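Me: I am new to this structure and would be grateful for a close look at a single part of it. Please begin with one residue and then set out what surrounds it.

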Amino acid sequence: MNNIILCGFMGSGKTVVGRELAKIMGRRFVDTDELVEKKQGIPIKAIFEAYGEDRFRDLEHEVCAETAKLKNCIISTGGGAVTFDRNVEALKRGGKIVFLDTDFETICERIGTSTNRPLFQDREKAKALFDERQEKYARAADMSVDGNMSARKTALTISQMMK
């Protein structure tokens, strides 16, 4: 079976839904952000601060190419991963991309005042980035699902879509 790859803006629920979907479908869960952190040995925020976004994006691409080779996994991608064609091409070789289409207001509620998201420190800039990325997520995805539902309901919906 092919991988199911979740994409969407930060806070859209990719990791939480991904873990739930993996349980429902009896598959392994893989988070590309966690793999980037493991590969570099420091948190993403520290990668941005020490090396800049370009270095992070190169690491992210390496991880996307590696995870695409896995089988039967649920893969959660970083919020910007599928905004780059090279990552979309790599990921599609390994499975179907599902866009968690989540409202910005819902995302703000989920993220709250977290300081762990370098690109979400300024809400106005985050909203502009959200608006810019929506079309890219939709274009990259093989299918979309309402990400405003609970993680369980979203995961169940994706599970049904994949049957």
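Does Ser76 count as buried or exposed? Please start from that residue and continue to the sheet, the helices packed on it, the cores and the charged pairs.

Reply: The model is a predicted one. In it, Ser76 counts as buried, because its relative accessibility is 1%. The residue lies in strand E3. Leaving out residues up to four places away in sequence, Ser76 touches Leu6, Lys14, Thr15, Phe29, Val30, Asp31 and Thr32.

The strand that holds Ser76 belongs to a wider sheet. This sheet is open and has five strands in the order E2-E3-E1-E4-E5, with parallel pairing. Its edges are strand E2 (28-31) and strand E5 (143-146), each of which pairs on one side only. On average, neighbouring strands are turned by 25 degrees against each other, direction ignored. As a general point, the strands of a sheet pair through backbone hydrogen bonds, in either a parallel or an antiparallel manner. At the E5 edge, four bridges join E5 to strand E4 (residues 95-101), and the two run parallel. One pairing there is that of Phe99, whose bridge partner in E5 is Ser144.

Two helices that pack on the sheet may be described next. Helix H1 (residues 14-25) touches strand E1 (3-7), E2, strand E3 (73-76) and E4, and its direction makes about 165 degrees with that of E2. Helix H7 (residues 123-140) touches E1 and E4, and its direction makes about 145 degrees with that of E4.

The loop that leads into E3 also deserves attention. Asn72 is found in the loop between H4 and E3. Its phi is near 60 degrees, a positive value in a residue other than glycine. In general, most residues other than glycine have a negative phi. Asn72 counts as partly exposed, because its relative accessibility is 32%. Cys73, by contrast, counts as buried at 2% relative accessibility.

The cysteines can be considered together. A search of the whole structure finds zero disulfides. For Cys7, the closest cysteine sulfur is in Cys64, and the distance of 11 Å is too far for a bond. Cys73 is likewise in no disulfide, the nearest cysteine sulfur being that of Cys64, 14 Å away. Cys7 is buried, with a relative accessible area of 0%.

Cys7 leads on to the nonpolar interior. The largest nonpolar core has 24 residues, and those with the most contacts inside it are Cys7, Phe9, Val82, Leu91, Ile97, Phe104 and Tyr137. At least two residues of this core come from each of E1, E3, helix H5 (85-92), E4, helix H6 (104-111) and H7. H7 gives the largest share, five residues. Ile97 may serve as an example of the contacts: apart from neighbours within four places in sequence, this residue is in contact with Ile5, Cys7, Val82, Val88, Leu91, Lys92, Ala140, Ala141, Asp142 and Met143. A second, separate core has twelve residues, including Ile4, Leu21, Val98 and Val145. In soluble globular proteins, nonpolar side chains tend to be buried together.

The charged pairs complete this account. The structure holds eleven salt bridges. Side chains of opposite charge can pair when their charged atoms come close. In one of these bridges, the side chains of Lys39 and Glu62 meet at 3.2 Å, N to O. This pair links distant parts of the chain, since Lys39 is in helix H2 (residues 32-40) and Glu62 is in helix H4 (residues 53-67), 23 residues apart. Both count as partly exposed, Lys39 at 38% relative accessibility and Glu62 at 33%. Lys39 and Glu62 are also linked with Glu66 in a network of salt bridges.

Other bridges join residues of one helix. Arg57 and Glu60 meet in a salt bridge at 2.9 Å, N to O. These two residues are three apart in helix H4, and are therefore separated by about one helical turn. Arg57 and Glu60 are both buried. In H7, the helix that also supplies the largest share of the core, Lys127 forms a salt bridge with Asp131, the closest N and O atoms being 2.6 Å apart. Because Lys127 and Asp131 are four residues apart in helix H7, about one helical turn separates them. Lys127 is partly exposed, with a relative accessible area of 31%, and Asp131 counts as partly exposed at 44%.

Methods:
Residues are numbered from 1 along each chain as its sequence is written. This is a predicted model: local features need pLDDT of at least 70, side-chain atom pairs count only at pLDDT 80 or more; totals for chains, interfaces and linings use all residues. Side-chain values use heavy atoms; hydrogens and water are left out. Two strands pair if DSSP finds at least two bridges between them. Axes are lines fitted to C-alpha atoms, for helices over the stretch in contact, and angles run from 0 to 180 degrees between N-to-C directions. Contact means heavy atoms within 4.5 Å. A disulfide is a pair of cysteine sulfur atoms within 2.5 Å. Buried means under 20% relative accessible area, exposed over 50%, partly exposed in between (1.4 Å probe, protein chains only). A salt bridge is a side-chain nitrogen of Lys or Arg within 4 Å of a carboxyl oxygen of Asp or Glu. A nonpolar core is a set of buried Ala, Val, Leu, Ile, Met, Phe, Trp, Tyr and Cys residues joined through side-chain atoms within 4.5 Å.
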